[in-house]
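Student: Could you help me learn to read a protein structure? I would like to go through it feature by feature.

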Amino acid sequence: MINYKYLLFLFISFLSLASFAQGLLQEKTNFSRQDTLRGSITPEREWWDLSYYHLDIKVEPDKKFISGKNTIQYKVLKENSVMQIDLQSPMKLLKATQNGNELTIKHDGNAHFISLIEVQNVGDVNRIEVYYEGHPKEAVRAPWDGGISWKRDKNNNHFIASSCQGLGASVWWPCKDHMYDEVDSMKISVNVPYKLINVSNGRLRLVERIGDTKTYHWVVKNPINNYGVNINIGDYVNFSEVYNGMAGNLDMDYYVLSYNLEKAKVQFKQAPKMMEAFEYWFGQYPFYADSFKLVEVPYLGMEHQSSVTYGNGFKNGYLGRDLSNTGWGLKFDFIIIHEAGHEWFANSITNKDVADMWIHESFTSYSESLYLEYYFGKEAGAEYVIGKRKNIANDRPIIGCYNVNKEGSSDMYFKGENMLHTLRQLVEDDKKWRQMLRGLNRAFYHQTVTTKQVEDYISKTLEKDLTEFFNQYLRTTKIPTLEYKFDKKNLEYRYTNIVKGFDMPIQVKINDEEHWLFPNAEWQTLKQDDRINTFTVDKDFYIFSKPL
């Protein structure tokens, strides 16, 4: 008898996986003025440096309406009198004031240029208030299309959450919506109907009762990227624990719908296990001052800083599936491990331009195999990451287009992690490899970075010139192909499908004996004492091989 419910589940899971691998990362070659205004460091952005936000809003679920203001504190870096603030249609920027004076706003699509009256002296720290309201874009396939999810839980209570990676935080609140400038600290005040709870980033400092509503005041002490800011509104219950970590006691809080409490208490036992493994590999959790939270939401999940959102159904795998088809993917809850891994790579180390989003996704995808290695051994981690190669498309380069808010290929996940796994083989020293990962998190702690900075750091730390290695895997769709042939005792080999100068060493087995080969674009010959009967390439290296 055909189990149609099971077939439907598999079909939905497949669609979800396709969304995960593609999502926002669609090909785009024609860019508009709006793309440039959104994706570049414009003159109206570069003259001021963010230091503080106070986002103070009211959320009206029945109307799907948000209103309020954002107080923006900034330091003047150079002379200018026009400030760019971003807010996406259909949201409306109503007015802007400074020291009580209303300012003129020139609206240009989703970019709004505010003319300041007062002289902006270099070195001064000033504030501006921007007021706004509207019905924000509703997310249809959150988190991939971005916006606000206006849902209901099983008890018909409102269940609301934001998600805006790629599309940008300006889809629901006005801000300086570019990755290069993170605000140093932030207060988030959210007014909601009395029976609902809002959970945002950082720590809850105050709950105010105002008539038939409550305002939840959250404080973020660490730098935070715009898309990492979130609101989560629902009929939540809370439980918590204290984790004894590298920097002392870490508060770990969990917010779930009331009827999911018991399931969450079981499934979320993986959160402290995650923290232990990742502090081992990457160094201390980057946001002790702001705590760590897992928050249930009506979509799959997202890496919102210190407020990681969760919607994986309280089951292991990715919606119950193993992305690697090895069995190892069912040993952990994908959303807990992957999205929390972003606290190190995305939230602490953040790309300056989304074209370099591989820094977020490649390292975090690779962190899944490191989690497995920590608890199940090195072979388990290797099998898992190698098993995910089947998901690589090689459709376009991993690095995207700069200055137009455009990511690269979704291969930044599966190909990116296999690139890192391959690089680890070249190091031949697991201690040195771990020191490099920890060093990255020390060197770029709470910073925005470029691909070049990351490449240079890795090359210097590992004492290897990795220029052609990164050019090959990040900037082309070419996968190195080892062509080989052997006759009696002679092995001939070379690389094809490579960038100029690519000469990555690889490990092979000849008659079950391990050897290092040093291929390049030219034919080379390796002579053996005995007749060559078998030849295999070590599967830990992400290359193709082709016998001739």
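**After a helix**

Tutor: Let us begin at the end of a helix: just after H5, Gly283 takes a positive phi of about 95 degrees. Keep in mind that this is a predicted model, in which local features need pLDDT of at least 70, side-chain atom pairs count only at pLDDT 80 or more, and totals for chains, interfaces and linings use all residues. Residues are numbered from 1 along each chain as its sequence is written, and side-chain values use heavy atoms, with hydrogens and water left out.

Student: What do labels such as H5 stand for?

Tutor: Helices (H or I, at least four residues) and strands (E, at least two) are DSSP runs, numbered from the N terminus. Helix H5 covers residues 270-282. Its 13 residues reach 18 Å from the first C-alpha to the last, close to the 18 Å expected at 1.5 Å a residue. That expected span is 1.5 Å times one less than the number of residues.

Student: How many of the residues of H5 are buried?

Tutor: Buried means under 20% relative accessible area, exposed means over 50%, and partly exposed is in between (1.4 Å probe, protein chains only). In H5, 10 of the 13 residues are buried, so this helix is largely enclosed by the rest of the structure. Among them are Met274, Phe278 and Trp281.

Student: What about helix H9: how many of its residues are buried?

Tutor: For H9, 17 of the 17 residues are buried, so H9 too is largely enclosed by the rest of the structure. It spans residues 411-427 and reaches 23 Å from its first C-alpha to its last, close to the 24 Å expected at 1.5 Å a residue. Just after H9, Glu428 takes a positive phi of about 55 degrees.

Student: Which residues in loops have a positive phi, and are they buried or exposed?

Tutor: Here is a pair to look at. His446 has a phi near 55 degrees, a positive value in a residue other than glycine, and lies in the loop between helix H10 (430-443) and strand S22 (447-449). His446 is buried, with a relative accessible area of 16%. Glu463, with phi near 60 degrees, sits in the loop between H11 and helix H12 (467-475). Glu463 is exposed, with a relative accessible area of 66%.

Student: How do I describe two helices that pack together?

Tutor: Two packed helices are described by the angle between their axes and the distance between the axes. Axes are lines fitted to C-alpha atoms, for helices over the stretch in contact, and angles run from 0 to 180 degrees between N-to-C directions. Helix H7 (residues 358-376) and helix H8 (residues 378-387) pack at about 155 degrees, with their axes 6 Å apart. That makes H7 roughly antiparallel to H8. For the wording, angles under 35 degrees count as roughly parallel, over 145 as roughly antiparallel, 65 to 115 as roughly perpendicular and the rest as oblique.

Student: Which helix does H7 cross at roughly 45 degrees?

Tutor: That is helix H11 (residues 451-462), and the two axes come within 11 Å. This makes H7 oblique to H11. Contact (heavy atoms within 4.5 Å) is made by Trp358, Ile359 and Phe363 of H7 and Thr451, Val454 and Ile458 of H11.

Student: How should I read a sheet?

Tutor: Start with pairing: two strands pair if DSSP finds at least two bridges between them. Here 8 strands form an open sheet with mixed pairing, in the order S5-S4-S8-S2-S1-S11-S14-S13. Strand S5 (101-102) and strand S13 (203-210) are the edge strands, each pairing on one side only.

Student: In which sense does S1 pair with S2, and with S11?

Tutor: Strand S1 (residues 48-60) runs antiparallel to strand S2 (residues 65-76), joined by 12 bridges. In S2, Val76 is the bridge partner of Trp48. With strand S11 (residues 185-193), S1 pairs in the parallel sense over 7 bridges. Tyr52 stands opposite Ser185 in S11.

Student: Where are the cis peptide bonds you can show me?

Tutor: Look at omega. A cis peptide bond joins Ser89 and Pro90, with omega about 10 degrees, and Pro90 is in the loop between strand S3 (82-86) and strand S4 (92-98). The bond from Ala142 to Pro143 is also cis, with omega near 5 degrees. Pro143 lies in the loop between strand S8 (125-134) and strand S9 (147-152).
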